[in-house]
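I sat down with this one to see how the chain is put together and which residues deserve a second look. Here are my notes, in the order I went through it.

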Amino acid sequence: MIPVIEGTWQPIRAELAGLAAPSEVLEQTELELAGGRYRVRFGGQTSDRGTYVHHPAESPGVLTLLGVEGPNADRTIPCIYQLAGDRLRICYGLGGVLPTAFRTGGRASLYLVTYRRKRE
């Protein structure tokens, strides 16, 4: 069975280089995954947009984000993910290298986020 990652996701926990994201950032951010496209909204405004390729057969699952607009325009960001119920955990390889674990280990090139599915 292919995991359904499409939907709108609210971060509930995030860390970059081992440092936790402020609660204000978590509260104002949303990730939308739909039809091979992603969009990040901050404070209701689109801040990042692009496409993604989903590889659910991998273990853990793999996403490859291709930035089109915003701070990640023209960047490829490989990610690993786990989906459990209404929780989606993604480790982003901001340096262009696929992460091997769900931890940042103090490395600025890794961003780990746990999301909760938003109910429309």
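**Contacts and overall form.** I began with contacts, meaning heavy atoms within 4.5 Å. Of the contacts in the protein with a separation of 6 or more, 38% are between residues 24 or more positions apart. A note on what I am looking at: this is a predicted model, in which local features need pLDDT of at least 70 and side-chain atom pairs count only at pLDDT 80 or more, while totals for chains, interfaces and linings use all residues. Residues are numbered from 1 along each chain as its sequence is written, and side-chain values use heavy atoms, with hydrogens and water left out.

I then looked up the size. The radius of gyration (over C-alpha atoms; the globule rule is 2.2 Å times the number of residues to the power 0.38) is 13 Å, which agrees with the value near 14 Å for a compact globule of 120 residues. Along the principal axes, the C-alpha atoms fill a box of roughly 35 × 35 × 30 Å. Buried residues (under 20% relative accessible area, with exposed over 50% and partly exposed in between, using a 1.4 Å probe and protein chains only) make up 37% of the 120 residues.

**Strands.** I counted one helix and nine strands, taking helices (H or I, at least four residues) and strands (E, at least two) as DSSP runs numbered from the N terminus. The pattern along the sequence reads β-β-α-β-β-β-β-β-β-β.

Which strand did I follow up? I chose β9, residues 110-117, which is largely enclosed by the rest of the structure because six of its eight residues are buried. Strands pair if DSSP finds at least two bridges between them. Strand β1 (residues 7-16) runs antiparallel to β9, with seven bridges joining them. Strand β8 (residues 87-93) also pairs with β9 in the antiparallel sense, over seven bridges. Leu112 in β9 is a handy marker: Glu15 stands opposite Leu112, and so does Cys91.

**Backbone oddities.** I checked the loops next. Ala17, in the loop between β1 and β2 (19-20), has phi near 55°, a positive value in a residue other than glycine. Ala17 counts as partly exposed, at 24% relative accessibility. Asp74 also has a positive phi, about 65°, although it is not a glycine. I found Asp74 in the loop between β6 and β7 (76-84), and it counts as exposed at 76% relative accessibility. The peptide bond from Ser59 to Pro60 is cis, with omega near 0°. Pro60 lies in the loop between β5 (45-55) and β6 (61-69).

**Ile80.** Pro60 turned up again here: Ile80 touches it, and other residues it touches, not counting those up to four places away in sequence, include Arg89, Cys91, Leu98 and Phe102. Ile80 lies in strand β7 and counts as buried at 4% relative accessibility. Ile80 and Tyr92 are twelve residues apart in sequence, and their C-alpha atoms are 6.9 Å apart.

**Asp48.** Where does the charge of a buried Asp48 find a partner? I found no salt bridge (a side-chain nitrogen of Lys or Arg within 4 Å of a carboxyl oxygen of Asp or Glu) for Asp48, and the nearest side chain of opposite charge, Arg75, is 7.6 Å away. For charge, Lys and Arg count as positive and Asp and Glu as negative, with His and the chain ends not counted. The Asp48 side chain does make a polar contact with the side chain of Asn72, at 2.8 Å. A polar contact is a pair of N or O atoms within 3.5 Å; within protein, one must be able to donate a hydrogen and the other to accept it, and residues adjacent in sequence count only if both atoms are side-chain atoms. Asp48 is found in strand β5.
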